[in-house]
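Student: Can we go through this one together? I'd like to start with the strands and then look at the charged side chains.

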Amino acid sequence: MELVPVISVILLYVIVVAEATFENDGNLEALLNHVLWEPTTSNSPTTEEDKVAPYFDEASTHNNVTVQIGANVDLHCKVNRLNDKTVSWVRRAGDKMQLLSFGHHVYSIDQRYELLFKDPNDWQLRISYLNERDEGHYECQVSTHPPIAFTVYLSIIVPQLEITDERGVQVKDKFYYVGSTIELKCYITKVPQPSQFIVWRHETTSLNYDTSRGGISVKTDILTNGAKSRLFIANAQTSDSGKYTCSLTDIASTSVTVHVLNGETPAAMQHGGSNRCGRLHSLWVIITFAWILFRLS
């Protein structure tokens, strides 16, 4: 008769694993109810330790974590006196729950999830290569009766980049004359973890380590909430025309188109001047016509 409870536990585990394997991306609320229910062999505790329920190490059962897009994050869940209970990580979106891990096993087809256990009591959920869709609520649940949960809200920060000229004016097109110095500034904000990996490119050529062109200087300053990087190119030539891109590794980037002119007037300025002359000509025709009508009246 003593084998009956043991067999029941084994059968329950098999059911949980089978259901999680085929339904891990759907609404698993019903499945999680099975996961968080475990039969007991006795109505009374057998040891003094069994009389003490599991509890979380943190003073609060809610935590906020902010991470930069593209990074990795470890969500911590420290459970004391776990005894024979089970820890599960789930992701909650409204009334829907997605099972991510059960015990030491991961049940998501997304290979970016990993379950790490660090002695003595830290059940960590690692998420790699974060994207904006990863933002939301994650719950570490312990299969007590009723279950207890520790919630983590994960916020994803997307860096913002802006290129300005030497005057600090944001530009998308910039005109220089041959022989002048190209000076561009790239401001990176909303970066909780400032990084040195800021790269300038001319078309597909990296300028940070370009020694063939010569006369190129890149200086980057790490700020409290981001960085400022300045690009200098001395003695500009027409071959220096093209798209210049400032990027924060492979996470975010912005670009500007540089036109190096050999003494000619920029086409945009010519176009603008033509429009102005055309408007003045039209105004002169109207005034002349009005004066003729006035003389004839």
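Tutor: We will take the sheet, then a hairpin, then a loop serine, then the salt bridges. Keep in mind that this is a predicted model.

Student: OK, the open sheet. In what order do the four strands come?

Tutor: The order is E12-E14-E18-E17, and the pairing is antiparallel.

Student: Which are the edge strands?

Tutor: Strand E12, residues 160-164, and strand E17, residues 216-223. Each of them pairs on one side only. From one strand to the next, the twist averages 15°.

Student: What holds strands together in a sheet, in general?

Tutor: Backbone hydrogen bonds pair them, in a parallel or an antiparallel way.

Student: Back to E12 and E14, then. How many bridges are there between them?

Tutor: Five, with E12 and E14 (residues 182-189) running antiparallel. To pick out one position, Thr164 has Lys185 in E14 as its bridge partner.

Student: Now the hairpin. Which strands form a hairpin with three residues between them?

Tutor: E8 and E9 do. E8 covers residues 113-118 and E9 covers residues 122-127; they are antiparallel and joined by six bridges.

Student: And what is the bridge partner of Leu116?

Tutor: Gln124, in E9.

Student: Changing topic: where is Ser143?

Tutor: Ser143 sits in the loop between strand E10 (136-142) and strand E11 (148-157).

Student: Is Ser143 buried or exposed?

Tutor: Ser143 counts as buried, because its relative accessibility is 0% and the cut-off for buried is under 20%.

Student: What does the side chain of Ser143 reach?

Tutor: The backbone nitrogen of Thr86, at 2.9 Å.

Student: Salt bridges next. How many does the structure hold?

Tutor: Nine. One of them joins Asp74 and Arg126, whose closest N and O atoms are 2.7 Å apart.

Student: Why does that pair tie together parts that are 52 residues apart in sequence?

Tutor: Because Asp74 is in strand E3 (residues 73-75) while Arg126 is in strand E9. Asp74 is partly exposed at 25% relative accessibility, and Arg126 is partly exposed with a relative accessible area of 27%.

Student: So E9 is the hairpin strand we had before. What does Glu139 meet in a salt bridge?

Tutor: The side chain of Arg92, at 2.7 Å from N to O. Glu139 belongs to strand E10 and Arg92 to strand E5 (residues 87-93), so this pair ties together parts 47 residues apart in sequence.

Student: Are those two buried or partly exposed?

Tutor: Glu139 is buried, with a relative accessible area of 9%. Arg92 is partly exposed, at 29%.

Student: And which residue forms a salt bridge with Arg213?

Tutor: Asp240, with the closest N and O atoms 2.9 Å apart. Arg213 lies in the loop between strand E16 (205-206) and E17, and Asp240 in the loop between strand E18 (226-233) and strand E19 (242-248), so the pair ties together parts that are 27 residues apart in sequence. Asp240 counts as buried at 6% relative accessibility, whereas Arg213 is partly exposed with a relative accessible area of 28%.

Student: Last one: which residues are linked in a network of salt bridges?

Tutor: Asp165, Glu166, Arg167 and Lys174.

Definitions and conventions: Residues numbered from 1 in each chain as written. Predicted model: local features only at pLDDT ≥ 70, side-chain atom pairs only at ≥ 80, totals over all residues. Heavy atoms only, no water. Pairing = 2+ DSSP bridges. Helix = DSSP H or I, 4+ residues; strand = E, 2+ residues; numbered from the N terminus. Axes fitted to C-alpha atoms, helices over the stretch in contact; angles between N-to-C directions. Buried < 20%, exposed > 50% of the residue type's maximum accessible area, 1.4 Å probe, protein only. Polar contact = N/O pair within 3.5 Å; in protein donor to acceptor, adjacent residues only side chain to side chain. Salt bridge = Lys/Arg side-chain N within 4 Å of Asp/Glu carboxyl O.
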